[in-house]
Amino acid sequence: MAIAGIITEYDPFHAGHAWQIGQAKQRGAEAVAVCMSSDVTQRGGMALLPPWVRAKAAVQAGADLVLALPNPCVVQSAEGFAAAGVAALSALPQLDWLVFGAETPDVDALMEVAQMLDTPEFSRLLAEELAQGHSFAKARSNAAARLNPVAGQVLASPNNNLGVEYCKAILKSCSHLVPRPLARKGAAHGQLTPGEEGFASATFVRKTWAEQGVHAVGEYLPPHAFALYQQAHQQGLDPDSVRWQVAILSRLRQKSVAQLAQVRDTAEGLEHRLAAAVRQSGSLEELYTQMKTKRYAHARIRRYVLCAALDYHKDTPGQPAYLQVLAATQKGLQLLRGSKLAADTSLARLARTSAQAAQQVQAHEQASDLTALCRRTPGPMGQCYTTAPYLVR
């Protein structure tokens with residue numbers, strides 16, 4: 001028997017996620033530990049539901065342990081996000097596998113591409129492609145294809161891309177985790193129509209919820225998750241997009257170009273583009289449109305904007321300094337034994353474990369408090385400290 005780990009956002013937890021946990025256990029996993037993004041997402045937005053709701057849905061679907069990936073570790077490129085998730089799960093010595101979805105569920109092919117991305121020849125070709133004005137994703141795929149046409153095809157698919165980053169992080173950190181890709185089932189990543197067998201992408205679920213209400217997404221969710229989400233909606237825990245936009249823009253309007261220049265991932269004058277766009281924009285979509293260039297993908301712009309609003313600077317820790325338990329079974333709690341990182345259900349106690357943990361908790365709290373203010377029923381500050389974990393006795 002093995003212990004499986006999953007790095008995810010669960011934004012929100014849906015039927016495809018439940019299927020993945022079930023597949024891990026059918027293939028021999030005795031338990032499943034999840035490292036999940038918290039209040040904000042890797043694409044630079046606000047999570048549809050608070051982390052404790054999504055974590056409870058995961059445990060009720062068969063996960064044994066759900067750990068919160070700190071917010072500053074989430075708002076990074078795919079490479080940074082993957083490295084942070086691998087670092088968190090690698091801190092648990094009992095874990096064996098890293099399970100993830102992929103369009104090409106061939107571990108040898110994914111590992112081969114990951115190794116190729118870390119070679120001087122690839123770096124040279126990538127620089128040439130970037131110099132032609134391509135976005136990073138397009139430049140990377142083109143550079144890989146010049147070395148190996150199959151590698152270019154692998155990197156052209158979004159889940160493969162993230163899977164390769166997981167493999168690369170495992171190799172770089174000498175992690176004991178073994179990659180175990182699963183073929184993605186049903187809808188493709190970001191697909192705006194339902195897939196086969198009642199599966200739908202998280203993008204489709206979020207869009208349908210926003211346009212038609214929570215009642216319209218039930219067929220794409222496990223029944224227990226649907227019940228949780230209906231309750232969350234009644235409590236006003238889903239987002240208010242107007243509040244979110246006003247909150248982000250009001251923060252940005254207070255910042256100087258010099259302050260923006262210190263934001264994580266500032267490059268090639270992005271701070272000037274943001275400062276100019278902020279002066280003209282009355283909505284986030286206007287802001288993103290004004291900042292968009294051929295070179296920078298929409299997700300890169302969104303992440304940069306959110307990091308600027310949250311004061312995530314170049315020295316804000318992007319690797320986890322602790323493990324916060326959001327939800328667990330008794331079997332899941334046993335997986336924390338021997339952890340290489342401080343692990344606890346209490347964020348306040350974790351903040352006292354090291355200077356880096358204190359800095360990361362403060363940055364995490366910034367995002368938690370901001371999103372609490374931007375729900376349909378605004379919540380108080382400090383919920384990341386006061387919300388009890390979901391523990392199955």
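What follows is a short walk through the fold, the cysteines and a handful of individual residues in this predicted model.

Starting with the overall picture, the chain is built from 20 helices and eight strands. Its radius of gyration comes out at 20 Å, close to the 21 Å that the globule rule gives for 393 residues, so the chain is as compact as a globular protein of that length. Measured out along the principal axes, the box filled by the C-alpha atoms is roughly 55 × 50 × 45 Å. Of the 393 residues, 56% are buried. Contacts that reach across the sequence are well represented: taking those between residues at least 6 apart, 74% link residues at least 24 apart.

On the outside, the chain exposes about 16,200 Å², and 51% of that area is supplied by carbon and sulfur atoms. As for charge, there are 38 positive and 32 negative side chains. The centres of these two sets sit 3 Å apart.

Next, the cysteines. Searching the whole structure turns up zero disulfides. For Cys307 the reason is distance: the closest cysteine sulfur belongs to Cys73 and is 11 Å away, which is too far for a bond, given that a disulfide needs the two sulfur atoms within 2.5 Å. Cys384 is in no disulfide either, its nearest cysteine sulfur, again that of Cys73, being 14 Å away. Both residues are tucked away from the surface: Cys307 is buried, at a relative accessible area of 2%, and Cys384 is buried too, at 11%.

Right beside Cys384 in sequence comes Gln383, which lies in helix H20, spanning residues 383-386. With a relative accessible area of 19%, Gln383 counts as buried, because the cut-off is under 20%. Setting aside residues up to four places away in sequence, Gln383 touches Trp52, Asp369 and Ala372.

A few spots in the backbone deserve a look. Asp11 and Pro12 are joined by a cis peptide bond, with omega at about -5 degrees. Pro12 itself is in the loop that runs between strand S1 (2-8) and helix H1 (15-26). Two aspartates have a positive phi without being glycine: Asp265, at about 70 degrees, and Asp311, near 60 degrees. Asp265 is found in the loop between helix H13 (257-260) and helix H14 (270-280), whereas Asp311 is in the loop between helix H16 (298-310) and strand S6 (322-329). Asp265 is partly exposed, with a relative accessible area of 39%, and Asp311 is partly exposed as well, at 36%.

Last comes Arg43, another loop residue, placed between strand S2 (29-37) and helix H2 (51-60). Arg43 is partly exposed, with a relative accessible area of 22%. Neighbours within four places in sequence aside, Arg43 is in contact with Glu9, Asp11, Arg206, Ala299, Arg302 and Arg303. That list brings back Asp11, one partner in the cis peptide bond with Pro12. Arg43 and Met111, by contrast, are 68 residues apart in sequence and 24 Å apart in space, C-alpha to C-alpha.

Conventions
Residues numbered from 1 in each chain as written. Predicted model: local features only at pLDDT ≥ 70, side-chain atom pairs only at ≥ 80, totals over all residues. Heavy atoms only, no water. Buried < 20%, exposed > 50% of the residue type's maximum accessible area, 1.4 Å probe, protein only. Helix = DSSP H or I, 4+ residues; strand = E, 2+ residues; numbered from the N terminus. Rg over C-alpha atoms; globule rule 2.2 N^0.38 Å. Contact = heavy atoms within 4.5 Å. Areas by Shrake-Rupley, 256 points an atom, 1.4 Å probe, with all protein chains shown as cover. Lys, Arg positive; Asp, Glu negative; His and termini not counted. Charge placed at Lys NZ, Arg CZ, Asp CG, Glu CD.
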